[in-house]
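Visitor: I have a model open and want a quick tour. Can you take me through the fold?
Guide: Sure. Here it is.

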Amino acid sequence: MSDTQTPAPLSREDVEALLLRGPFHQWLGLSVVSVGAGTIELKATWRPEWVVNAERGYVHGGILATLVDLTADWALVSKTGRGVPTVDLRVDYHRPAMQGDLTCRGNVVKFGGQLSVAEAQILDSEGRLLASGRGVYMTAPPK
């Protein structure tokens, strides 16, 4: 495969196996729902350790930012065949995330030879937007 070719398409199971090599991703309770050309949908299974405020029961913003980052990152897997390093990340919070599994949807905005842009949305079980964001990722081929 030359540096300009896209790798052979990976199945949902292949992407999940790659993603879950990371112990942190395992701890987050991630599973891959679907993978397409420049898109991904993940499920993050609820963990009580995500809660930052025991009285109110909402999820720490760092968990949501993490999910935005890794979902946008892994949206690039159809182009790269792997996760890639984050160069820059912006996250917007739209409403508190309460107890429950989360849906994470990502898509590629622009794929480049060195840097690429992808975005993600984090939704609750009712489909309400909790957080969204966009990242820049280093997609240069490994040396």
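Guide: One term before we start: contact here means heavy atoms within 4.5 Å. Also, this is a predicted model.
Visitor: Fine. Which strands does helix 1 lie across?
Guide: Helix 1 lies across strand 1 and strand 2. Its direction is about 135 degrees to strand 1.
Visitor: And helix 3, which strands does that one cross?
Guide: Helix 3 lies across strand 1, strand 2, strand 5, strand 6, strand 7 and strand 8. Against strand 5 it runs at about 130 degrees.
Visitor: What is the strand order in the sheet?
Guide: The order is 1-2-6-7-8-5, six strands in an open sheet. The pairing is antiparallel.
Visitor: Which strands stand at the edges?
Guide: Strand 1 and strand 5, residues 86–93. Each has a single partner strand, so one side of each is left without a neighbour in the sheet.
Visitor: How many degrees are neighbouring strands turned against each other?
Guide: On average 20 degrees, with direction ignored.
Visitor: Let's go strand by strand. How many bridges pair strand 1 with strand 2?
Guide: Six, in the antiparallel sense. Val32 has Leu42 as its bridge partner in strand 2. The hairpin between these strands has two residues in the link, and Gly38 takes a positive phi near 75 degrees there.
Visitor: What about the other neighbour of strand 2, strand 6?
Guide: Strand 2 and strand 6 run antiparallel, again joined by six bridges. Leu42 is partnered with Cys104, and Ile40 stands opposite Gly106.
Visitor: Which side chains of strand 2 are buried?
Guide: Ile40, Leu42 and Ala44. They point to one face, while Thr39, Glu41 and Lys43 point to the other and are not buried.
Visitor: Moving along. How do strand 6 and strand 7 pair?
Guide: They pair antiparallel over seven bridges. Cys104 stands opposite Ile122, and Asn107 has Glu119 as its bridge partner. Four residues make the hairpin link between the two strands.
Visitor: New topic: the core. How many residues are in the largest nonpolar one?
Guide: It has 34 residues. Trp50, Leu67, Leu102 and Ile122 have the most contacts inside it.
Visitor: Which element supplies the largest share of this core?
Guide: Helix 3, with nine residues. Other elements that each supply at least two include helix 1, strand 1, strand 2 and strand 8.
Visitor: Why would such residues gather?
Guide: In soluble globular proteins, nonpolar side chains tend to be buried together.
Visitor: Pick one, Leu102. What does Leu102 touch?
Guide: Leaving out residues up to four places away in sequence, Leu102 touches Leu42, Lys43, Ala44 and Trp50, among others. From helix 3, residues 61–75, the list includes Leu64 and Leu67. Ile122, Leu123, Asp124 and Leu130 are also among its contacts.
Visitor: Last one. What does UniProt list for residues 57–130?
Guide: An unreviewed UniProt entry lists them as "domain: Thioesterase". In the model, that span is 26% helix and 41% strand. Its end C-alpha atoms lie 15 Å apart.

Technical notes
Residues are numbered from 1 along each chain as its sequence is written. This is a predicted model: local features need pLDDT of at least 70, side-chain atom pairs count only at pLDDT 80 or more; totals for chains, interfaces and linings use all residues. Side-chain values use heavy atoms; hydrogens and water are left out. Buried means under 20% relative accessible area, exposed over 50%, partly exposed in between (1.4 Å probe, protein chains only). Two strands pair if DSSP finds at least two bridges between them. UniProt positions are given in the numbering used here, feature names are shortened, and annotations may be inferred rather than shown by experiment. A nonpolar core is a set of buried Ala, Val, Leu, Ile, Met, Phe, Trp, Tyr and Cys residues joined through side-chain atoms within 4.5 Å. Axes are lines fitted to C-alpha atoms, for helices over the stretch in contact, and angles run from 0 to 180 degrees between N-to-C directions.
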